[in-house]
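Got the viewer open? Here's a walk through the model, one selection at a time.

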Amino acid sequence: MADGEHNVVIGAAGERIEVPDVLPLLPVRDAVVFPGVTRPLAIGRAKSLAALARAGQGGLLVIASQREAETEDPELADLYPTACIVRVARIVDARGEGKQAIVVGVARTTLAQAVANEPCLLVRVTPLSEVDEPSPDRDAAWKQVIAKAQRIIDLREDLPDEWKTFVAGLPSPGLLTDLVASTLPLAPEEQIALLAEPNVARRLARVTAHLDREVTIAETQRRLTEQSGGGEQDPKRREKLLRRRMRDIQTEIGESDGGSQEVDDLRERIEAAQLPPDAAAQAERELKRLAALPQHAPDRHLIRTYLEWLADLPWAIETEDKLDLREARRILDADHYDLEKVKDRILEYLAVRKLAPEAKGPILCFVGPPGVGKTSLGRSISHAMGRNFVRASLGGVRDEAEIRGHRRTYVGAMPGRVVQSLRRAGSRNPVFLLDEIDKLGADFRGDPSSALLEVLDPEQNSTFSDHYLEVAFDLSRIFFIATANTLSTIPPALLDRMEVIELPGYTDREKLKIARDHLVPKQRDAHGLREDQIAVQDGAIERVVHEYTREAGVRNLDRHIAKLMRKAARRVAEEKPTETLPIDAAFVGEALGAPPHLPETAERTVQPGVVVGLARTAHGGDILFIEATAMPGGKDVRLRLTGQLGEVMKESAGAALSWVRANAEALGLRAKVLTGGELHLHVPAGAVPKDGPSAGIALVTAIVSVLSGRRARGDVAMTGEISLRGRVLPVGGIKDKVLAAARAGIKTVILPRRNEKDLVDVPDEVKAEIEIRLADAIEEVLDAALEPAAR
């Protein structure tokens with residue numbers, strides 16, 4: 001034992017102990033000794049053995065913790081400054097040259113300075129006096145620590161119940177905190193912080209915080225053990241645990257079964273997918289079948305494929321909608337020009353979702369000519385809403401199983417396009433685009449449009465059942481968008497389930513804006529050109545629009561702009577001009593060649609009997625020429641129709657001839673053909689089918705023109721149905737027809753007066769360029785369309 005001055009300290013049990021001023025020091029790794037706590041130590045380093053020998057059994061020494069466990073010969077700087085003075089209770093020889101020592105903590109101390117380093121480290125110590133001032137708060141904290149410690153003993157099976165009595169019987173709160181601190185699994189830094197705190201009240205507060213954490217951990221472990229172990233409250237978790245244990249046992253004894261591993265993996269994937277109860281029950285039945293089959297059974301891969309489909313579907317995965325209406329509007333405007341009706345409808349849906357989160361998704365149908373942006377609009381909507389996007393093309397689909405899937409009894413069976421698209425989407429609420437829904441077919445294999453009735457019915461699609469899956473899948477959260485060029489081929493029952501939004505063609509001014517802001521930058525970047533290398537002038541785009549394209553959309557315009565960019569890219573690559581290359585109207589003629597579309601209405605109507613009509617097709621509005629010629633001869637009046645006309649148009653021609661014959665005298669017609677001969681009506685582009693009643697007034701005008709010898713004005717076009725009383729009846733597609741007239745250079749358009757309400761959809765710039773004449777009777781049409789009779 002060291003000699004010299006002595007300090008008197010109060011031990012953990014309250015006794016007075018004289019402690020020398022200088023004591024041998026024994027450094028330890030990853031261990032902290034507290035006053036009043038008995039602890040065994042394994043000692044093997046030379047200096048540590050020398051310190052133990054200097055203290056001797058019954059003597060005192062200092063136990064200090066190393067900062068780094070890897071340090072072999074620590075100095076005072078390598079140790080924590082707070083240590084514990086201990087009494088060596090017993091020394092036992094261990095194997096080899098080491099020794100075992102049992103020490104009992106006496107008092108806290110700080111390490112003042114090193115006095116000697118050989119044969120052991122001797123340090124001057126400054127014992128810390130414990131500060132324990134009795135108070136109601138201290139006593140309450142003491143009781144709280146006792147209660148929490150007893151709670152941990154109750155929760156942990158490795159701690160005996162007798163410890164509860166032992167903890168409650170400790171004589172002082174300081175000894176309690178030191179005992180708890182030495183027992184809890186604390187980090188060395190946390191234990192050193194408790195050892196360095198002489199104030200008992202503050203130590204009680206710190207120990208309480210550590211006990212709270214341990215109580216939470218112990219309660220969680222107990223709950224998980226009950227859920228996955230012997231408890232009856234969750235049989236599935238118990239079964240999962242037992243299966244995992246059985247697999248571990250099989251692996252341990254060398255009897256691992258690859259088939260059972262596969263079944264367990266599939267079961268985990270299915271559980272993670274969170275299937276609804278009926279689907280989960282079906283999956284469990286198939287899992288049991290798979291587990292019962294031999295490893296090389298022929299049906300095994302069929303069941304495995306089915307289960308993989310169940311596990312891969314997004315049963316519970318759902319993206320969160322972006323409900324910022326201003327941001328959605330910004331995205332829609334950035335991606336598409338105009339299309340106000342569609343944008344307003346999307347913003348209305350987002351507003352409803354904001355106010356009523358459980359609202360069902362709408363089912364929209366975008367109808368319009370090719371190239372107006374129906375498909376790309378679907379992607380833009382998904383971007384604006386923050387949803388995933390998936391597209392299924394229905395063009396040419398003729399098999400009902402393409403929609404609903406094949407039953408698993410067939411070889412190569414698989415789910416239908418709806419389920420396949422959902423797996424690709426990865427969420428159960430995507431924007432789902434059903435492209436070209438008007439081009440569905442039907443044959444002996446079924447009618448796919450009938451299968452879509454359930455998919456697109458908000459009252460039924462929450463329980464949609466695919467023939468392959470044979471379990472219900474909820475489609476009600478999907479935002480369905482169908483696209484079509486015409487409504488005439490869509491069955492009425494299917495059309496009734498969709499909200500139709502028409503996307504008419506663009507005006508020339510809109511095409512110029514779209515080309516300038518969207519198409520030109522896209523094609524310029526696609527062809528590796530910089531903005532400072534070329535300058536596309538508006539005159540060039542206008543010439544392309546007027547002379548090289550005649551369409552409702554902008555698809556051909558995009559192709560021609562791409563061709564201009566290729567020509568420009570070649571010139572830039574070959575000539576390497578130092579100045580910006582201008583792309584003007586002359587460059588367009590040089591790059592694209594002779595224009596295919598030039599005004600021809602004036603040339604076609606130089607002879608009597610040729611009238612310009614307006615029609616609406618799947619490609620948008622268009623003009624058509626109606627030609628008439630009269631051939632006298634015979635006793636009866638014969639009507640000959642050519643140009644692949646449909647039944648409705650043939651009936652309109654018959655009604656037109658009947659009205660002309662009935663009113664021939666009032667019209668001043670004395671042609672011999674009206675008493676005997678043949679009247680031939682022809683609509684050019686004979687390879688293109690034509691039908692509908694909207695050419696009625698044009699047919700009357702053509703007949704009157706050829707019989708009277710009065711030419712029709714070349715800058716006048718017309719549309720409207722004719723009645724036997726000469727009334728001009730309303731027709732559809734007014735906006736598309738007026739836009740087609742504007743594209744063709746028509747100056748005057750004759751419309752039924754009852755179609756005046758439809759003019760609100762016609763852009764103002766078009767109405768400013770074209771004179772709109774409204775007619776109630778055919779006489780008004782004839783006055784406006786035919787030149788005056790020669791005198």
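Start with the open spaces, and keep in mind that this is a predicted model. The largest pocket holds about 1300 Å³ of space. To find its middle, select Ala615, Arg616, Thr617, Gly620 and Asp622, which lie nearest the centre among the 48 residues of the lining. Now colour strand 18 (610-617), strand 19 (620-632) and helix 26, the elements that each give two or more residues to that lining. Strand 19 gives the most, with 6 residues. If you colour the lining by class, you should get 23 nonpolar, 13 polar and 12 charged residues.

Next stop, the second largest pocket, with about 640 Å³ of space. Pick His336, Gly371, Val372, Gly373 and Ser376: of the 24 lining residues, they are the closest to the centre. Helix 11 (325-335), helix 13 (374-385), helix 18 and helix 20 each bring at least two residues to this lining. Colour by class again and the split is 8 nonpolar, 8 polar and 8 charged.

While you're there, follow helix 13 to serine 382. Is serine 382 buried or exposed? Its relative accessibility is 5%, so serine 382 counts as buried. Show its contacts beyond four places in sequence and you'll pick up Arg387, Asn388, Phe389 and Val431.

Helix 18 also deserves a stop of its own. Select residues 508-526 and look along the helix: there is a kink of about 45°, centred on alanine 515. Then bring up the side chains of the buried residues, which are Glu510, Lys511, Leu512, Ile514, Ala515, Leu519, Val520, Gln523 and Arg524. A reminder for reading that pattern: an α-helix has 3.6 residues a turn, so residues three or four places apart point the same way.

What do the buried residues of helix 18 pack against? Turn on strand 16 (534-536), helix 19 (538-548), helix 20 (555-575), helix 26 (734-743) and helix 27 (764-769), and you have the partners. Helix 26 is the one you coloured at the largest pocket, and helix 20 came up at the second largest. Step past the end of helix 18 and you come to glycine 528, which has a positive phi, near 75°.

Now for something enclosed. Searching the whole structure turns up 3 cavities of 30 Å³ or more. Go to the second largest of them, with a volume of about 40 Å³. Select Asp508, Val545, His546, Thr549, Arg550 and Arg743 to see its lining. By class, that makes 1 nonpolar, 2 polar and 3 charged residues. Asp508 sits at the start of the 508-526 stretch you selected for helix 18.

Time to look at the nonpolar interior. Which residues touch the most other members of the largest nonpolar core? Leu307 and Ile437 do, in a core of 51 residues. Helix 10 (residues 300-312) supplies the largest share of this core, 6 residues. Centre on leucine 307 and, skipping residues up to four places away in sequence, you'll see it touch Leu266, Ile270, Ala283, Glu286, Leu287 and Leu290. There is also a second, separate core, made of 49 residues, with Ala328, Ile514, Val572 and Ile583 among them. You have already met Ile514, as one of the buried residues of helix 18.

Stay on helix 10 for tyrosine 306. Its relative accessibility is 0%, so tyrosine 306 counts as buried. Leaving out neighbours within four places in sequence, tyrosine 306 is in contact with Gln282, Glu286, Arg408, Tyr468, Leu469 and Val471. Glu286 is one of the residues that leucine 307 touches too. For a sense of distance, draw a line from the C-alpha of tyrosine 306 to that of leucine 128: the two are 72 Å apart in space and 178 residues apart in sequence.

Last stop: the loop between strand 19 and strand 20 (637-642), where you'll find aspartate 636. Is aspartate 636 buried or exposed? With a relative accessibility of 54%, aspartate 636 counts as exposed, because the cut-off for exposed is over 50%. Beyond its neighbours within four places in sequence, aspartate 636 is in contact with Gly676 and Gly677. Finish by joining the C-alpha atoms of aspartate 636 and glutamate 678, which are 42 residues apart along the chain and separated by 8.1 Å.

Key:
Residues numbered from 1 in each chain as written. Predicted model: local features only at pLDDT ≥ 70, side-chain atom pairs only at ≥ 80, totals over all residues. Heavy atoms only, no water. Bend = angle between axes of the 7 residues up to and from the residue. Helix = DSSP H or I, 4+ residues; strand = E, 2+ residues; numbered from the N terminus. Buried < 20%, exposed > 50% of the residue type's maximum accessible area, 1.4 Å probe, protein only. Contact = heavy atoms within 4.5 Å. Core = buried A, V, L, I, M, F, W, Y, C linked by side-chain atoms within 4.5 Å. 1 Å grid on protein atoms, 1.4 Å probe; cavity = no way out; pocket = protein on both sides within 12 Å on 5 of 7 lines; lining within 4 Å. Points joined across faces, edges and corners; volume = space filled by probe spheres on them. Nonpolar A, V, L, I, M, F, W, Y, C, P; charged D, E, K, R; others polar.
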